[in-house]
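New notebook page. I'm going to look things up one at a time and jot down what I find.

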Number of protein chains: 2
Amino acid sequence: MSHPHPELGLPPELPEGALRVTPLGGLGEIGRNMTVYEYAGKLLIVDCGVLFPEPEQPGVDLILPDFTSIRDRYQDVVAVILTHGHEDHIGAVPYLLKERPDIPLVGSQLTLALIEAKLAEHRIRPYTLEVKEGQTERIGPFDCSFLAVNHSIPDALAVVVETNAGVVLHTGDFKMDQLPLDGRLTDLAGIAKLGERGIDLVLCDSTNAEVPGFVPSEREITPALERAFAQATRRVIVASFASHVHRIQQVLDIAVKNRRKVAFIGRSMVRNMGVARDLGYLKVPDGLVVDARALDDYAPEQVVLICTGSQGEPMAALSRMANRDHQIRIVENDTVILASSLIPGNETAVYRVINGLTRWGAKVVHKGNAKVHVSGHASAGELLYFYNLARPRNVMPVHGEWRHLRANGDLATLTGVPADRVVIAEDGVTVDLVEGVAQITGKVPCGYVYVDGLSVGDVTEASLKDRRILGDEGFISVFLVVDADTGKVSGGPEVQSRGAGIDDTALAAVTPLIEEALAQAAADGVGDAYQLQQLVRRTVGKWVSDTFRRRPMIIPVVVEV
Amino acid sequence: MSHPHPELGLPPELPEGALRVTPLGGLGEIGRNMTVYEYAGKLLIVDCGVLFPEPEQPGVDLILPDFTSIRDRYQDVVAVILTHGHEDHIGAVPYLLKERPDIPLVGSQLTLALIEAKLAEHRIRPYTLEVKEGQTERIGPFDCSFLAVNHSIPDALAVVVETNAGVVLHTGDFKMDQLPLDGRLTDLAGIAKLGERGIDLVLCDSTNAEVPGFVPSEREITPALERAFAQATRRVIVASFASHVHRIQQVLDIAVKNRRKVAFIGRSMVRNMGVARDLGYLKVPDGLVVDARALDDYAPEQVVLICTGSQGEPMAALSRMANRDHQIRIVENDTVILASSLIPGNETAVYRVINGLTRWGAKVVHKGNAKVHVSGHASAGELLYFYNLARPRNVMPVHGEWRHLRANGDLATLTGVPADRVVIAEDGVTVDLVEGVAQITGKVPCGYVYVDGLSVGDVTEASLKDRRILGDEGFISVFLVVDADTGKVSGGPEVQSRGAGIDDTALAAVTPLIEEALAQAAADGVGDAYQLQQLVRRTVGKWVSDTFRRRPMIIPVVVEV
């Protein structure tokens, strides 16, 4: 398998008739999926999602794809195709449309409805083109057609991008549930037909490539949900993603059977279920759903609450219930079902919520003790079916960390794709399709773009490094006032510390050491502000290391008066 | 099930002839296991381990059990029994012996050898009493006997503590491998015999109580290890815990079959394997193990490296290899086997290591893609066997978070233990065994004790809260010099910021706002240092919130000159 050399330079100019594929997110991580297709001077973007931060990206709200390499070329963008309505595929669209608001968005009915609802909150009304499986659209120089795929949200699409450079199949997120609840199968016949015609390059979802076998059908979780309902003697609270229409449909169906009313809790849950219901993706019998404020009218054994927070997000309803910081007070014998995945990195937060709920006496059903979740991404067994039908000439695994991309590449080679036609790329790496061969040709700038509060990109890697030091070790600051004329210290040292675990009494011991060092410096004629700062830094640093074996940030400030 | 009321007070004086059980760690968390048994004025401690910090305990090295409630009673402690040699059971012993160095340590041969090696690094030589399964010892007023149990380290013991108050069985960590590599089974016959005689209280390992079924035998991982070796064309690097003697024995045996030499990498691995080999727990054929420095004498396909770092610890050998920051440089086609668990909370770190190794071209085998690990703790199926043999009158689940304790309690009731005889306690809760009934009677102080660098307990919850704010948001400090006589500002405001993601240019905008507020204050006659600090805090806080929607720590400092 070919993979990028760490010292790749900028790519050469794209040869005429060639197609360039540049992932600006989603390769080397699970999230912020965004791929740019370039042909004949025009750019077609597929997906534009966000990534959620990890613990070593403290204080960050969201991470965006890096638009740097297309910043001068927004006018060349012919459209953004959105494969489905998940945050990691649509979440960065508002930020892109702030750069150029009239980029057309292309997607299925539900996908567009979800992005439009989100954009409305940003006060943006997008230009849209609604498409369906089977449809073909000429978008700039790209002939695009769409195939139905099955995923953990309805109405997901794979995209076929055709140019004179060849036929590219971009799967988006998909799996192959053979008994999907809505009857909408991943279009294997369409993939097979395309494969017979000849696919030059496949970009394929890698998320579950390491997982052997097959994802069970969504309907296989029905028994576990039914059992949890049957055993529930009081309220049932179901936490799930606000986009998982099929999962919530199952909960509604079981609620009807158990003669329980349903209330949706949380802004995104209420908004998305409203959209899904209005468009007919969610079938809601009349009178089933009640307003959360009306719950007091029903006995505990007559209600189901459906809320967000299944990933342990601290501000979501479920975490707040676990902390008794929500109007819904968990009591003994409530049943809580986490009908959702556990995204890697969230374990600590999720288990904290489960422990909190358990402590109040709730019975908590989750994927660790019951079959209440199936994944939305094809496992290795399904990917083998896919490759054997698609028979691509070149493969570029996408949507995954390195371990997933490699595992996906290995599967492709097992089905007969030559190893040197499997391209393991990463964010920013350009892959050019020239005369039927896909090859790495260079790398464009592609870093993490952090959203923190109102600002995009102001928080840098240097800020995060400072945050990590401050967060692990705290700081000691030392203020000195120096007479501008004489260079003598006229005030301070005023020593302060936060987060270093050094109390004021212990901290007082450093003041005489600083004074001594300053006196020595004065005697030696050392006196400019910079030198004094260095002196203070060294003195305090040595003291704290010798005394506590710690390394807080040391911040000397010298003010001349 | 009875469980503690949040507002429990201190326990009453212990009635004569009663036994008090107080967990000082391990209930409500996985780690820092420590239980105090009190009878007739004497204290017997079982285990004294450490807990590793979670992300919301930033910068902390270790967490200890809280000794506060026994601080005045060290002279009453008759012994510390150590059930086995894992860090979460022995790691806090050095800190306890610093309080009273002559507390005798009781344990099996390997357990004592491991704690002695650790204490030697702290320059402590302990008093020890070596015991074996089947042995009975009178320790103060406690008649103690020991039963063999099977776990992920050899030579683990369960403890039976008898007094006139009754018979208590404390399982320690255990599972029930029916084909253990060393032939040493969990002594079910002994448990059955004790059960027939009558067990008043069981303290039982809850770690895997939520996991249905049975832990596979340790020997069931042999095929996966053999397959990885058979497919390896270059070096094999195995990461595991430095205490997992049986796992490493398997690796050695397979290395012999594959004519590879073995080198141990890392201080704790070299030390522990030396101890295990000297005592005969690890069988090492002559000439198999070579010094790491001699590896260059062998071809890559002739060597196996065994190292630590399977939990993604940043300073361990494996992480450094993944970052190319180790003398062992990972190259294409090296095989890395993570033959270990993935402790919840470590996922991000472990996957980062796997991705790093994969990026350099290594083939990484781990529990996510091969059967290279089995747990050391009994699953639900095994716990049912245990309860049906032990038939205890009272049950107190230990070693677990709330979800594990509850699940364990549910299993006990399924086997016929009355629900009101299952006591779900948490750290510091006192459980008294009086006339055959175990009941919660109160709660002693029991917090987290943080080790950070050289200090124990200096880092408080307040320090951690500061660290979390600093780590998420950074800080802005404002330094003012005020004339002591006139109260007028004579220097500053000097504004500094780190970690807030606000660059100096943006930061400069706040200075005029502060100056304006100070001028207004001066006009209003407001001038003492405290009031000026509050004014600065408000002014800067409002600016940063309005401009950036962020909340860095704001630190105003006023120095009078």
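Is the crossing of α14(B) and α15(B) right-handed or left-handed? I looked it up, and the crossing of these two helices is right-handed. Note to self: this is a predicted model.

Next, the geometry of that pair. I read that two packed helices are described by the angle between their axes and the distance between the axes. Helix α14 covers residues 510-524 of chain B and helix α15 covers residues 529-548 of chain B. Their axes come within 10 Å and cross at roughly 140°.

Then I checked who meets whom. On the α14(B) side I found Val510(B), Leu513(B), Ile514(B), Ala517(B), Leu518(B) and Ala521(B). They meet Leu532(B), Leu535(B), Val536(B), Thr539(B), Val540(B) and Trp543(B) in α15(B). Sorted by class, I get eleven nonpolar residues, one polar and no charged ones in this contact.

On to the two chains. I can lay chain A on chain B with an RMSD of 0.1 Å, using a turn of 180° and a shift of 0.0 Å along the axis. The two copies are therefore related as by a two-fold rotation axis. Which residue of chain A comes closest to the rotation axis? I found Gly471(A), with its C-alpha at 1.9 Å. Both copies use the same surface: 98% of the contact residues of chain A recur in chain B.

Last, chain A as a whole. I noted 15 helices and 25 strands. Its C-alpha trace spans about 85 × 70 × 45 Å along the principal axes. Of its 561 residues, 59% are buried. Chain A exposes about 22,200 Å², and carbon and sulfur atoms supply 49% of that.

Methods. Residues are numbered from 1 along each chain as its sequence is written. Chains are lettered from A and ligands numbered from 1 in the order in which they are written. This is a predicted model: local features need pLDDT of at least 70, side-chain atom pairs count only at pLDDT 80 or more; totals for chains, interfaces and linings use all residues. Side-chain values use heavy atoms; hydrogens and water are left out. Axes are lines fitted to C-alpha atoms, for helices over the stretch in contact, and angles run from 0 to 180 degrees between N-to-C directions. Helices (H or I, at least four residues) and strands (E, at least two) are DSSP runs, numbered from the N terminus. A crossing is left-handed if the near helix is turned anticlockwise from the far one by less than a right angle, and right-handed if clockwise. Contact means heavy atoms within 4.5 Å. Ala, Val, Leu, Ile, Met, Phe, Trp, Tyr, Cys and Pro count as nonpolar, Asp, Glu, Lys and Arg as charged, and the others, Gly among them, as polar. Copies are superposed by least squares on the C-alpha atoms of residues with pLDDT of at least 70 in both. Buried means under 20% relative accessible area, exposed over 50%, partly exposed in between (1.4 Å probe, protein chains only). Accessible areas come from the Shrake-Rupley method with a 1.4 Å probe; for residues, only the protein chains shown count as cover.
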